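These are my notebook entries on a structure that was new to me. I went through it one topic at a time and wrote down what I looked up.

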Amino acid sequence: MVVLSELSEGPSSSSSTHKGHRYDIFLSFRGVDTRHGFTNHLYNALIHANITTFLDDEEIETGEDLKPELESAIKSSRASVIVLSKNYATSTWCLDELVLILEQRMKSSHVVVPIFYHVEPTDVRKQQSSFGDAMAKHRQRMEAETDANKRSKLAQKMEKWNKALIEVADLKGKDVKDRLEVEFIDEIVKDIFRRLHISSRFPLPQLIGMEDSI
């Protein structure tokens with residue numbers, strides 16, 4: 001796995017000197033929905049703004065449990081941006097990331113920024129529409145599991161996923177609906193600068209007009 005954000009590390013990296021955190025931002029997203037569009041544009045804007053960002057570049061999930069490197073990246077990040085898109089809940093890795101991110105929020109000063117990318121917060125909270133369909137498929141897989149230990153483990157995970165989706169939907173997030181993406185991304189980056197106090201170390205670049213670069 002290549003961590004794309006490694007390209008930004010060095011003297012200009014904002015997180016290299018901040019209390020031992022390796023990253024400013026962990027990006028949680030469903031690749032099939034946004035990897036080559038919104039998330040890629042957001043990632044480039046964050047890097048352009050000297051915000052050190054972890055983005056996992058692997059398309060295929062392997063195994064049932066979250067990769068250790070993803071868990072480590074979440075724990076060593078100051079904040080997480082969660083791009084909640086149509087197929088986010090179809091990924092067990094995304095759901096496991098979400099649970100861990102919210103646990104970090106409770107344990108530390110980890111900042112969480114939910115992005116509702118063409119999905120309704122109500123659908124996330126109540127697990128309706130595509131989120132309801134995804135959770136129903138996870139439930140079917142759990143009920144079809146013949147190994148009692150695995151079924152019990154899946155049931156425990158599903159309970160955590162349900163609670164996490166409700167919790168993240170109740171957080172103050174950002175909704176892309178009826179917005180120009182370049183302006184929306186500019187707003188996200190400025191908000192992260194403010195919430196992480198990065199502006200005290202680096203001037204905020206002008207991002208509007210970056211259409212050609214992102």
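Entry 1, the sheet. I began with strand 1 and strand 2, bearing in mind that the model is predicted, and I found that these two strands pair in the parallel sense over 2 bridges. Within that pairing I noted isoleucine 25, which stands opposite threonine 53 in strand 2. I then looked up strand 3, residues 77-84, and found that strand 1 pairs with it in the parallel sense over 5 bridges. Here isoleucine 25 appears again, standing opposite alanine 79 in strand 3.

I followed the sheet onward from strand 3 to strand 4, residues 111-116, where I recorded a parallel pairing over 6 bridges. In this pairing I picked out valine 83, whose bridge partner in strand 4 is isoleucine 115. In what order do the strands of the open sheet lie? I wrote down 2-1-3-4-5 for the 5 strands, with parallel pairing. The edges are strand 2 and strand 5 (174-175), each of which pairs on one side only.

I also checked what lies against the sheet, and I found helix 8 packed on it, touching strand 1, strand 3, strand 4 and strand 5. The direction of helix 8 makes about 170° with that of strand 4.

Entry 2, burial in strand 1. Is strand 1 mostly covered or mostly open? I noted that it is mostly covered, with 6 of its 6 residues buried.

Entry 3, aromatic pairs. I looked for ring pairs next, and the structure holds 4 of these aromatic pairs. For phenylalanine 26 and phenylalanine 54 I noted ring centres 5.4 Å apart and planes at 10°, so the pair is stacked. This pair links distant parts of the chain, since phenylalanine 26 belongs to strand 1 (residues 23-28) and phenylalanine 54 to strand 2 (residues 53-54), 28 residues apart. I checked both residues for exposure and found phenylalanine 26 buried, and phenylalanine 54 as well.

I then turned to phenylalanine 38 and phenylalanine 184, whose ring centres are 6.0 Å apart with planes at 35°, so I entered this pair as tilted. Phenylalanine 38 lies in helix 2 (residues 38-48) and phenylalanine 184 in helix 8 (residues 181-196), so the pair ties together parts that are 146 residues apart in sequence. Both of these phenylalanines are buried.

Finally for this topic, I noted that ring pairs link Tyr23, Phe26 and Phe54 into a cluster.

Entry 4, alanine 73. Which residues does alanine 73 contact, leaving aside its neighbours within four places in sequence? I listed Tyr23, Phe26 and Phe54, the residues that I had just entered as a ring cluster. Alanine 73 is found in helix 3, residues 68-75, and it is buried, with a relative accessible area of 4%. I also looked up its separation from histidine 21, which lies 52 residues away along the chain, and the C-alpha atoms of the two are separated by 9.4 Å.

Entry 5, helix 3 and helix 4. I ended with the packing of helix 3 on helix 4 (residues 92-107), for which I recorded an angle of about 30° and axes 10 Å apart. The two helices are therefore roughly parallel to each other, and their crossing is right-handed. On the side of helix 3 I listed Leu70, Glu71, Ile74 and Lys75, which meet Trp93, Glu97, Leu100, Ile101 and Gln104 in helix 4.

Note on methods. Residues numbered from 1 in each chain as written. Predicted model: local features only at pLDDT ≥ 70, side-chain atom pairs only at ≥ 80, totals over all residues. Heavy atoms only, no water. Phe/Tyr/Trp six-rings, centres within 6.5 Å; stacked < 30°, edge-to-face > 60°. Helix = DSSP H or I, 4+ residues; strand = E, 2+ residues; numbered from the N terminus. Buried < 20%, exposed > 50% of the residue type's maximum accessible area, 1.4 Å probe, protein only. Pairing = 2+ DSSP bridges. Contact = heavy atoms within 4.5 Å. Axes fitted to C-alpha atoms, helices over the stretch in contact; angles between N-to-C directions. Parallel < 35°, antiparallel > 145°, perpendicular 65-115°, else oblique. Left-handed = near helix turned anticlockwise from the far one by under 90°.
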